[in-house]
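Here is a short report on one protein model. Have the sequence and the 3D view open as you read.

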Amino acid sequence: MKKYLTLVLLFIASLIAFAPTSYAQAKKYESWNAIVDEMDEILNDAYDIYFMTDAERAKARVNEAYFGFYEKHGVERAVMSYISGKRGTDTEYQFAKIKRLMTNGAPNKVVRAEIDTILKMLHQDANELDGKKESGWRVLFASFIIIFREGLEAILVIAAISAYLVRSGNIAMLKVVYMSAVVAVFASILAAIALYTVFDISGANQEIIEGVAMLLATIVLFFISNWMFSKAEAEVWKSYVEGKVQTAVSSGSCLALGFAAFLAVFREGAETILFYQAMITEAKEHIHMVWYGLVIGTIVLAIIFVVIRFGTMKLPIRPFFIGTSILMYIMAIAFAGGGVKELQEADIITVTPVDFVHSIEVLGIYPTIETLLPQVVMVFIVLVSVMYYKFQCNHKNKKW
């Protein structure tokens, strides 16, 4: 727990140190409508270019509206914090839909209709954001939502791994997990600085970094989930039935656990810092509420960590291990959907909408074939893995 508090303090210190940066200097608009008005001009220009049969240049203009304004000037963050995460996701996919139509050579009137749709969405959001009086409580709530939303998945992963290590008698390995998380905080700070200062990495490159990190986390978490599930069954057959604890963990598993903790923190760390950086710039007289929201969110996450880390200790061995592995399976499946979504935003993976599916951000479920397909495949693999370990368990039980 002490290591976790150290991580939090480092995170808060990084926000204070990194607040006065180029983002604040780039902020030059007096209202959200001012930003959207400029996006309006760019998107209409994109249509005019498409009308002149230059699809590639038209898509470049759409990307300029998305990466250069919607993301860079904080519209995405404001929509997700003050309106809803679903609205932010819907808007992102509307941008992707327009580019897909341009790539496929859709009729002009179809592209025009979709551009009109996104302009209506953007202006509605801008009006709502400008109409909201910047009260202290609203700033506090938005700050809380940022740290809670971005930190929840990391806390779930770290708490589940920590609880497992303690329960399985591998307390010494906790240091690897906690130190990996601390290293990820420093890596996040460096990445955040690089994104907007040193290397000026932005737009599609940022999405690619986040997407690759999430997909790597998917693979690692799936590996750990299988390991936990199989170990739970083995202990039921052998040592745990007799109250014994196995204390040895392979070096490969140790590395995987540390890597999982690192990815869980790093994959959203830099973006979280940039979100708070923007909020600090905009908060003005309510800046203290930003810190209050951050502190409250951190406390809530710490409580979740404690509940999982210590509250599950009284559960019977087999349900505890199986429950922990199921949580990791769910996180892996969610990361698979989220990773593909980030690569879609970077135009690396195409977007094929599925109209009857609604976004569930916490589970990484998004309304496209490309995000759903790997999740369906992973669910199938999980079921096969569970059946395989069940078969092994039954087979060994017969021998006993």
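Helices here are DSSP runs of H or I with at least four residues, numbered from the N terminus. By that rule, Val384 sits in helix 14, residues 369–399. The model is a predicted one.

**Overall make-up**

The protein chain has 14 helices and 0 strands. Its pattern along the sequence reads α-α-α-α-α-α-α-α-α-α-α-α-α-α. Of its 400 residues, 54% count as buried.

**Helix 8 and the core**

Helix 8 covers residues 136–167, 32 residues in total. From first C-alpha to last it reaches 43 Å, close to the 46 Å expected at 1.5 Å a residue. Helix 8 bends by about 40 degrees at Gly151. Of its 32 residues, 26 are buried, so helix 8 is largely enclosed by the rest of the structure. Gly169 follows helix 8 and has a positive phi, near 80 degrees.

The largest nonpolar core holds 97 residues. Leu43, Phe95, Met102 and Ile161 touch the most other members of this core. Helix 8 gives the most to it, with 17 residues.

**Helix 3**

Helix 3 spans residues 32–51. Its 20 residues should span 28 Å at 1.5 Å a residue, and its end C-alpha atoms are 29 Å apart, which agrees. Its buried residues include Trp32, Met39, Leu43, Tyr47 and Tyr50. Polar residues can be found in that buried list too: Asn33 and Asp40 are among them. After helix 3 comes Thr53, with a positive phi near 65 degrees.

**Contacts across the sequence**

Met214 lies in helix 10, residues 204–237. Met214 counts as buried because its relative accessibility is 6%, under the 20% cut-off. Its C-alpha is 8.8 Å from that of Gly337, although the two are 123 residues apart along the chain.

Leu327 belongs to helix 13, residues 317–345. At 23% relative accessibility, Leu327 counts as partly exposed. The C-alpha atoms of Leu327 and Ala160 are separated by 7.7 Å, with their positions 167 residues apart along the chain.

**Salt bridges**

The count comes to 9 salt bridges. Three of them are listed here.

| Pair | Closest N to O distance |
|---|---|
| Arg57 and Asp54 | 3.2 Å |
| Asp90 and Lys86 | 2.8 Å |
| Arg112 and Asp116 | 2.9 Å |

Arg57 is partly exposed, at 48% relative accessible area. Its partner Asp54 is partly exposed as well, at 28%.

Asp90 and Lys86 are 4 residues apart in helix 6, residues 85–103, so about one helical turn separates them. Asp90 is partly exposed at 26%, and Lys86 is partly exposed at 40%.

Arg112 and Asp116 both lie in helix 7, residues 108–131. They too are 4 residues apart, about one turn of the helix. Asp116 counts as partly exposed, at 39% relative accessibility. Elsewhere, salt bridges that share partners join Asp45, Arg61 and Glu64 into one network.

**A nonpolar surface patch**

Which residues form a nonpolar patch on the surface? They are Ile369, Leu373, Val377, Phe380, Ile381 and Val384. Together they have about 540 Å² of accessible area. Val384, placed in helix 14, counts as partly exposed because its relative accessibility is 41%.

Methods. Residues numbered from 1 in each chain as written. Predicted model: local features only at pLDDT ≥ 70, side-chain atom pairs only at ≥ 80, totals over all residues. Heavy atoms only, no water. Patch = residues over 30% accessible without salt bridge, like charges linked within 9 Å, V, L, I, M, F, W, Y side chains within 5 Å. Areas by Shrake-Rupley, 256 points an atom, 1.4 Å probe, with all protein chains shown as cover. Salt bridge = Lys/Arg side-chain N within 4 Å of Asp/Glu carboxyl O. Helix = DSSP H or I, 4+ residues; strand = E, 2+ residues; numbered from the N terminus. Buried < 20%, exposed > 50% of the residue type's maximum accessible area, 1.4 Å probe, protein only. Expected span 1.5 Å × (residues − 1). Bend = angle between axes of the 7 residues up to and from the residue. Core = buried A, V, L, I, M, F, W, Y, C linked by side-chain atoms within 4.5 Å.
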